Amino acid sequence: MPRGKVALVTGAGKGIGAAIAGELARQGAKVVVVDIDRASAESCAASIVHEGGEALALQANVADPGQVKAVFQGAIEKFGSVDILVNNAGITRDALLIRMKEEDWDAVLAVNLKSAFLCTQEAARTMSKKRYGRIINISSVVGQMGNVGQANYCASKAGLIGLTYSNARELARRQVTVNAVAPGFIETDMTRALPEKTREELAAQIPLGSLGQVEDVTHAVVFLAGEKSGYITGQVLAVNGGMYM
Ligand code: NAP
């Protein structure tokens with residue numbers, strides 16, 4: 001249970017991030033809701049407060065170093081520390097390799113991977129001092145097995161796994177754990193945008209027979225964010241219905 005801890009979730013305005021923020025708050029964490037879209041960050045924070053939790057909404061592009069610094073300053077001013085960091089913000093800019101534009105490569109790598117480096121750097125300062133921290137990177141099954149049309153996205157999600165291993169080794173001596181959660185295909189706006197035929201083909205590849213629900217991911221994240229997971233670090237927890245094993 002992350003009761004009394006301060007959790008910062010990026011890309012928490014909607015989808016998986018909003019669900020993680022909500023569940024961490026229900027488990028007693030104070031939550032900093034960070035999103036590039038101010039209105040959705042505020043609405044997620046408002047629904048946490050409405051349920052009796054504590055939340056702070058901050059608008060930021062987490063691929064921008066200055067904005068990331070400001071977010072951590074704001075979080076620490078309001079709640080005193082950041083004990084749990086969930087690097088969840090992510091985008092797709094799909095295209096077949098030979099047609100992929102350099103700007104789409106750069107954008108995806110910046111939002112999905114560089115943001116995690118920037119946020120972890122800031123979080124590591126405060127967590128190292130406290131000798132306590134939980135960092136969870138939201139990777140993807142396609143970072144483990146690849147996917148046609150997603151060279152940029154798969155590279156960013158595989159990169160997050162390497163970042164997880166390296167940071168886990170580096171921060172272990174400060175009692176800060178770093179793990180990744182690698183969801184399979186989960187019902188969100190990102191996958192609802194896929195054509196019905198593609199969704200059916202995807203479901204056919206999943207041993208458990210269906211796309212996952214957002215809650216499947218949030219429960220894994222909340223477990224890794226809790227105090228009882230303190231001896232688990234440098235792991236990739238797959239939440240993929242058996243799609244990749
Ligand atoms: P989503 O519904 O698109 O939510 C992503 C959130 O991140 C949005 O609120 C988005 O804001 C925000 N965001 C985008 N760029 C940002 C930036 N530069 N700075 C701050 N916030 C930013 O996606 P999701 O499906 O919930 O996915 C969440 C995470 O899980 C992503 O990392 C995704 O790659 C990963 N994942 C998802 C699936 C799946 O099946 N859905 C599977 C594996 C992994 P706006 O939309 O307002 O721009």
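**Close-up 1. The second largest pocket of this predicted model, to whose lining α4 and α6 each supply at least two residues.** The larger share of attention here falls on α4, from which comes the largest share of the lining of this second largest pocket, namely five residues. The residues that line the second largest pocket are Phe 117, Thr 120, Gln 121, Ala 124, Arg 125, Leu 163, Asn 167, Glu 170 and Leu 171, and by class they divide into four nonpolar, three polar and two charged. The space in the second largest pocket comes to about 190 Å³.

**Close-up 2. The largest pocket, which holds about 1,200 Å³ of space.** The lining of the largest pocket is made up of 48 residues, and those that lie nearest its centre are Gly 90, Ile 91, Thr 92, Tyr 153 and Met 190. Two or more residues of this lining are given by each of the elements α1 (15-26), β2 (30-35), α5 (142-145), α6, α7 (189-192) and α8 (196-204). When the lining of the largest pocket is sorted by class, 22 of its residues are nonpolar, 19 are polar and seven are charged.

**Close-up 3. The largest cavity, with a volume of about 40 Å³.** The count of cavities of 30 Å³ or more comes to one. Lining the largest cavity are Thr 10, Asn 87, Asn 88, Ala 89, Asn 112, Ser 115, Ala 116, Ile 138, Lys 157 and Leu 160, and the elements that give two or more residues to this lining are α4 (102-130) and α6 (151-171). Of the elements, α4 gives the most to the lining of the largest cavity, with three residues. The class make-up of that lining is four nonpolar, five polar and one charged, the charged residue in the list being Lys 157.

**Close-up 4. Lys 5 and the ring of Tyr 132, over which the charged end of Lys 5 sits.** The distance from the charged end of Lys 5 to the centre of the Tyr 132 ring is 4.3 Å. As for contacts between one aromatic ring and another, a search of the whole structure finds zero aromatic pairs, where a pair would require ring centres within 6.5 Å of each other.

Methods: Residues numbered from 1 in each chain as written. Predicted model: local features only at pLDDT ≥ 70, side-chain atom pairs only at ≥ 80, totals over all residues. Heavy atoms only, no water. 1 Å grid on protein atoms, 1.4 Å probe; cavity = no way out; pocket = protein on both sides within 12 Å on 5 of 7 lines; lining within 4 Å. Points joined across faces, edges and corners; volume = space filled by probe spheres on them. Helix = DSSP H or I, 4+ residues; strand = E, 2+ residues; numbered from the N terminus. Phe/Tyr/Trp six-rings, centres within 6.5 Å; stacked < 30°, edge-to-face > 60°. Lys NZ or Arg CZ within 6 Å of the ring centre and 35° of its normal.
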